[in-house]
Amino acid sequence: MDGETPGRGKTPSKQEKSPGERTVKKLLGRRRPNSSPFKSKKRSSTPKTENPATNKVYSQTPSTIAEAQEIGEIARLNDDMVWALDGLESTSKSAREESLGNLVELLGSRRGRALLHRDGVMGDLMRRLCQLEFADHPELALGTASIFCMSTVSGHLEIFEDMPALELLDRILMFNSVVAGSSHLVQSVRKFLADPRICRLIPKEISSVPACICLACLAFSLRPSEDRDSTEEKKSLSKSGSLLIIVKIAMQESFALNDPRPTMKTVQGLWKLERCLSILEQACFACQENEEHLARLEVESGVPPLLSKLPFVQWLTMQVKVLSGQKLSPEGLKKECYRGFLGLLMNITEGNEGACKALLQSDGIEALCNALARLVFGCTDSGRETNLDSFKAWIDEISASLGVLINIVEAEPTALDKIKAITLQRGDSSTVSSTILEIVAKLFNLCSKEEKDPITSTNDNEVTLESLRDSEGQAMGSIIGAYSGILLGFLVVNDPEACAQAKCMLSSDSLRPLIGVIQKCFAFYKNVGALTPKTEASLQGLLVQLESQI
């Protein structure tokens with residue numbers, strides 16, 4: 001039985017489940033879509049005589065009735081926008097709510113959102129929204145969150161680099177209430193969020209929570225994109241304090257990982273946790289400032305009065321340990337959170353000695369090794385012939401686990417002895433006579449089985465992205481093979497006993513294929529400029545030492 005989806009696969013009970021219970025079970029098994037329904041757009045100036053909805057430019061004097069009607073429509077939209085913005089500064093709560101409702105209704109349409117592309121509109125809009133108070137008026141928080149969403153889907157991602165806008169966003173993130181009611185403002189927000197494309201970004205089940213809307217927009221803005229460099233946004237998140245707020249929300253929502261009686265609150269908690277992990281993972285990717293910030297961060301864990309302080313990276317490994325002990329579905333929010341924890345750990349520990357030492361001084365390394373072992377045992381101990389297809393659903397989790405362990409042994413060579421001495425366990429908690437050396441060798445052998453393995457068959461003079469993909473074009477055997485090869489290299493280097501054991505475990509009875517894989521991986525990452533000087537020197541030294549052990 002799947003721990004995430006209670007009752008799945010069993011014969012239905014005679015007692016009829018309530019609609020709410022059936023909805024929760026369905027949602028717990030829902031996977032977050034990988035593709036985005038929107039494309040980011042670069043901000044552009046729109047001439048005053050241009051129709052923002054059609055991008056059609058007219059002369060100052062209309063030559064046809066149609067042009068006159070279009071210009072009149074533009075003027076009406078502008079007037080409605082100015083009227084609504086002025087109403088936000090009213091001293092009357094009801095007037096502010098009504099004005100924000102009119103603004104949401106206006107910008108909720110494609111033609112209305114096109115007004116956001118006009119010069120100065122976004123700045124004026126954010127300035128007015130920053131003056132709103134949400135304490136006694138949650139509807140205003142919902143309306144403001146929907147404006148952030150409208151700006152996001154319109155391509156105005158630069159608002160997440162603006163400090164006043166981020167401070168406004170932080171206020172909404174800390175406002176964790178569900179907004180109900182049927183006011184004009186709430187109905188306007190619901191109408192906008194009901195759009196099928198918006199539902200892919202913000203599921204209906206969390207659309208009444210302003211904080212959830214903002215988390216979705218922030219995660220969307222940080223996703224990898226060739227059209228936009230998010231470096232400045234990442235730095236702004238640290239300066240504004242948003243990063244710490246996201247960490248706090250993630251810790252608060254981690255209760256959902258162990259909730260024995262899942263409810264809609266559990267679903268919302270898992271969704272928020274997954275979005276927070278995605279934001280943190282992207283925020284510290286290729287951003288040393290945020291990486292250092294999270295590596296040094298200490299958090300409080302436990303229940304009052306039994307609170308204790310510990311490094312944030314240790315808290316992350318504690319959650320990995322919790323999830324690795326559960327039977328997870330190949331699809332679902334818990335599985336996405338599992339990947340998020342491991343991906344975030346991989347980014348934080350990349351070249352960061354402080355974070356690696358913190359894990360070395362706790363049971364974090366043991367938790368990571370056991371997580372990897374349970375992933376491998378879960379994929380391969382099925383009584384059938386094992387092949388790379390076994391890992392299709394868990395490629396991200398396995399590669400991230402390997403990546404974290406590589407980061408640790410690269411930064412702290414003293415961790416090698418501790419890792420090699422760990423006795424690994426299956427998912428059912430029974431002790432297994434296995435070591436990390438056996439697990440990694442097993443992974444490497446599986447990848448080497450493929451005759452058309454792109455890593456080992458690629459020409460020495462040709463290192464391309466395709467050389468790290470398997471025959472189906474999926475990053476499976478190549479990534480696992482490369483990461484397991486590098487980790488195996490670190491485990492056997494300068495250790496004759498481990499080297500002899502590895503040679504017996506490898507299907508080739510030699511380290512030569514292992515060296516070849518590391519060379520290909522090294523060449524690829526060097527070509528694309530993905531290696532830091534320290535990592536480059538480390539891999540070069542590893543290759544030289546392995547060559548001497550052949």
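These exercises work through a predicted model, each with a solution in steps.

**Exercise 1. Overall make-up**

Describe the confidence, secondary structure and burial of the protein.

Solution.
- Start with confidence. The mean pLDDT is 82, and 80% of the residues reach 70 or more.
- Next, find weak stretches. Over residues 451-463 the pLDDT is below 50, yet this stretch makes 24 contacts in the model beyond near neighbours in sequence. Residues 467-474 also have a pLDDT below 50, with 17 such contacts.
- Count the elements. The protein has 26 helices and 4 strands.
- Take burial. Of the 550 residues, 53% are buried.
- Finish with contact range. Take the contacts between residues at least 6 apart in sequence: 74% of them join residues at least 24 apart.

**Exercise 2. An aromatic cluster**

Classify the ring pair Phe312 and Trp315, then the pair Trp315 and Phe341.

Solution.
- The structure holds 4 aromatic pairs.
- Take Phe312 and Trp315. Their ring centres are 5.9 Å apart and their planes meet at 10 degrees, so this pair is stacked. The cut-off for stacked is under 30 degrees.
- Place this pair in sequence. Both residues lie in helix α15 (residues 312-324), 3 residues apart, about one turn of the helix.
- Check burial. Phe312 has a relative accessible area of 1% and is buried. Trp315 is buried too, at 4%.
- Now take Trp315 and Phe341. Their centres are 6.0 Å apart, with 70 degrees between the planes, and the pair is edge-to-face. The cut-off here is over 60 degrees.
- Place this second pair. Trp315 belongs to helix α15 and Phe341 to helix α16 (residues 333-349), 26 residues apart, and the pair links distant parts of the chain.
- Phe341 is buried at 0% relative accessible area.
- Join the pairs. Phe312, Trp315 and Phe341 form one aromatic cluster.

**Exercise 3. Charges over rings**

Which ring does the charged end of Arg223 sit over, and which does that of Lys335?

Solution.
- For Arg223, the ring is that of Phe220, with the charged end 4.0 Å from the ring centre.
- For Lys335, the ring is that of Trp394, and the distance to its centre is 5.3 Å.
- Compare with the limit. The charge must be within 6 Å of the ring centre.

**Exercise 4. Two helices checked for span**

Test the expected spans of α16 and α21 against the model, then give their burial.

Solution.
- Begin with α16. At 1.5 Å a residue, its 17 residues should span 24 Å. The end C-alpha atoms are 24 Å apart, which agrees.
- Burial of α16: 17 of its 17 residues are buried, and the helix is mostly covered.
- Look just past its end. Gly351 there takes a positive phi of about 65 degrees.
- Move to α21 (residues 436-448). Its 13 residues should span 18 Å, and its end C-alpha atoms lie 18 Å apart, which agrees.
- Burial of α21: 10 of the 13 residues are buried, so the helix is largely enclosed by the rest of the structure. Among the buried residues are Ile436, Leu437, Val440, Phe444 and Asn445.

**Exercise 5. A polar residue in a helix**

Is Asn407 buried or exposed, and which residues does it touch?

Solution.
- Locate Asn407. It lies in helix α19 (residues 395-411).
- Read its accessibility. At 5%, Asn407 counts as buried; the cut-off is under 20%.
- List the contacts. Leaving out residues up to four places away in sequence, Asn407 touches Met346, Thr349, Glu350 and Cys356.

**Exercise 6. Cysteines without partners**

How many disulfides does the structure hold, and why is Cys287 in no bond with Cys284?

Solution.
- The count is 0 disulfides.
- Try Cys212. The nearest cysteine sulfur belongs to Cys276, 8.9 Å away, and Cys212 is in no disulfide.
- Cys212 is buried, with 0% relative accessible area.
- Try Cys287. The closest cysteine sulfur is in Cys284, at 8.1 Å, which is too far for a bond. The limit is 2.5 Å.
- Cys287 is buried as well, at 6% relative accessible area.

Technical notes
Residues numbered from 1 in each chain as written. Predicted model: local features only at pLDDT ≥ 70, side-chain atom pairs only at ≥ 80, totals over all residues. Heavy atoms only, no water. Phe/Tyr/Trp six-rings, centres within 6.5 Å; stacked < 30°, edge-to-face > 60°. Buried < 20%, exposed > 50% of the residue type's maximum accessible area, 1.4 Å probe, protein only. Lys NZ or Arg CZ within 6 Å of the ring centre and 35° of its normal. Expected span 1.5 Å × (residues − 1). Contact = heavy atoms within 4.5 Å. pLDDT = per-residue confidence, 0-100.
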